[in-house]
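I opened a new notebook page for this structure. My plan was to look up how its parts are laid out and how they meet.

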Amino acid sequence: MYKIFHNTKDDHEVETDLSDLIVKFDAKKILILTGQNSFSESKAENFLISELKDKYTKSNFYSDFENNPKIEDLNHAIQKLSSKEIELIIACGGGSVIDFAKLLKVYLYDASSILDFPGKYKNPSKSQISMIAIPTTAGTGSEATHFSVLYDNKKKYSIASDHMLPDYSVLNSSICLNASLKIKSSCVIDAFSQAIESFWSVGANLESIKFAKQAIYLINKHIDNFHINHKDENVMSDILLGAHYSGKAINISKTTAPHALSYSITSFFGIPHGHAVGMTLGEFFIINEQLASMNAVNCRDLSSHMLQMEALRELLGWGDCISCNDKWKSIMKNLGLNMQVKLNDGQKKVIDRLVDSVNTERLSNNPVSITKENIIKLYLNIIS
Ligand SMILES: [Fe+2]
């Protein structure tokens, strides 16, 4: 069983199956975008073959890009694929696959707007290519957002456009079961962090808070035993839906400081995205409450911000801000996600480069201002 959501309508589940949906698109030229190995190893390939039937063999396939895609990967794909006149992209994979597909959705249609990246790049403003996103990890929620991450020389850029939002998301928990616990753990922490960050984000509104609450409820219900129950399809179904709602929440509110700090942890140490976010998130339960009266508050007034933090803690049911940080660390430990990076003496100089690479746009979404000293302390905390 799987669910299909129409992303362009408000959280609208459609009563159709994938094969009928693809017939309705009436696309002659289909591009199927997948990861390099995971696709054939998972049940995703069989799922697509059975749903697309003869359209599957007639499709174009592409998987020549890395996790956390770089500008070189994008330029290479544009060169290879621009003559194919693609009308529909089906992205079947993890967050990087779906992020990359969203970039192709706009840049295969109009390659000119990426030519001078990152010098004069503008967010893309048009596309007539349709897209269906099928996550095989639960999840990043990338299928429900209108932005993608693109790296250039280890620096992270966020490309955003309404035209990048996939038209439909297909949520099939059975194709998410095969991944290793390590991958699943990083993904569930990404989804959980996104929902928590969305809840306290400067950009939160009533709609994003509604989605964040749904995500937090669905993920929190299973998180303590996820390392034991991750092969249970009912558990995975809740987590996949929770991840989707976390995507819908940050599609409105954007993420905040833990995400801002995570991108350099990923690019310098190769730590997977969700894992990297989770390494600092717990501390922000304390920072966003205890520093709120000392550092400037970026949003609302101080009392509304404190009420929002209290509402979040009540929803989670983990006690005060110190207990929330402790609880977060125990969740990370249960999932086997290390909170420390071991560096040799030569590598310790990396701290200045880490601080310089922090994503300031996402940092400004944090409800409490984060100083350079705060950032250095947070990075020193995770380095041994
Ligand atoms: Fe994320």
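My entries follow, going from the domains to the sheet and then to the helix pairs.

**Entry 1: the model and its domains**

I noted at the start that this is a predicted model. I looked up how the chain is divided. Domain 1 covers 3-176 and domain 2 covers 181-382. I then checked the spacing, and the C-alpha centres of domain 1 and domain 2 lie 26 Å apart.

Next I looked at where the domains touch. On the domain 1 side 25 residues are in contact, and they meet 26 residues of domain 2. Which strands supply at least two residues each of the side of domain 1 that touches domain 2? I found strand 8 (155-160) and strand 9. Strand 8 gives the most to that side, with three residues. I also sorted the residues of the side of domain 1 that touches domain 2 by type. Seven are nonpolar, 13 are polar and five are charged.

**Entry 2: the open sheet**

I traced the sheet next. It is open, and seven strands form it in the order 2-1-9-6-5-3-4. The pairing in this sheet is mixed. Which strands stand at the edges? I found strand 2 (12-14) and strand 4 (60-62) there. Each of these two has a single partner strand, so one side of each is left without a neighbour in the sheet. I looked up the twist as well, and it averages 25° from one strand to the next.

I then picked one pair inside the sheet. Strand 5 (residues 88-93) and strand 6 (residues 130-135) run parallel, and six bridges join them. Within this pair, I saw Ala91 opposite Ala133 in strand 6.

**Entry 3: the hairpin**

I went back to strand 8 and its partner. Strand 7 (residues 147-152) pairs with strand 8 in the antiparallel sense, over six bridges. I looked up the partner of Tyr151, and the bridge leads to Lys156 in strand 8. Two residues lie between the strands of this hairpin. There, Asn153 takes a positive phi near 50°.

**Entry 4: helix 10 and what surrounds it**

I followed helix 10 (residues 233-253). It lies across strand 1 (3-6), strand 6 and strand 9 (168-171). Against strand 9, helix 10 runs at about 160°.

I took helix 7 (residues 181-200) as the next partner. The axes of helix 7 and helix 10 come within 8 Å and cross at roughly 40°. That makes helix 7 oblique to helix 10. Helix 7 passes helix 10 in a left-handed crossing. I listed who meets whom. From helix 7 come Val188, Ala191, Gln194, Ala195 and Ser198. The helix 10 residues they meet include Ile239, Gly242, Ala243 and Ser246. What types make up the contact of helix 7 with helix 10? I counted seven nonpolar, five polar and no charged residues.

I turned to helix 8 (residues 206-223). Helix 8 and helix 10 pack at an angle of about 155°, with their axes 8 Å apart. That makes helix 8 roughly antiparallel to helix 10. Here too I noted the hand, and helix 8 passes helix 10 in a left-handed crossing. Among the helix 8 residues in the contact are Phe211, Ala215, Leu218 and His222. Those of helix 10 include Val235, Leu241, Tyr245 and Ile252. The contact of helix 8 with helix 10 divides into 11 nonpolar, six polar and four charged residues.

**Entry 5: helix 12 and helix 17**

My last look was at helix 12 (residues 273-290) and helix 17 (residues 372-382). Their axes come within 10 Å and cross at roughly 135°. That makes helix 12 oblique to helix 17. I noted a right-handed crossing as helix 12 passes helix 17. Met279, Thr280, Glu283 and Ile287 in helix 12 meet Asn374, Leu378 and Ile382 in helix 17. By type, I found four nonpolar, two polar and one charged in the contact of helix 12 with helix 17.

Methods: Residues are numbered from 1 along each chain as its sequence is written. This is a predicted model: local features need pLDDT of at least 70, side-chain atom pairs count only at pLDDT 80 or more; totals for chains, interfaces and linings use all residues. Axes are lines fitted to C-alpha atoms, for helices over the stretch in contact, and angles run from 0 to 180 degrees between N-to-C directions. Helices (H or I, at least four residues) and strands (E, at least two) are DSSP runs, numbered from the N terminus. Angles under 35 degrees count as roughly parallel, over 145 as roughly antiparallel, 65 to 115 as roughly perpendicular and the rest as oblique. A crossing is left-handed if the near helix is turned anticlockwise from the far one by less than a right angle, and right-handed if clockwise. Two residues are in contact if their C-beta atoms, placed from the backbone, lie within 7 Å. Ala, Val, Leu, Ile, Met, Phe, Trp, Tyr, Cys and Pro count as nonpolar, Asp, Glu, Lys and Arg as charged, and the others, Gly among them, as polar. Two strands pair if DSSP finds at least two bridges between them. Domain bounds come from an automatic or database domain assignment.
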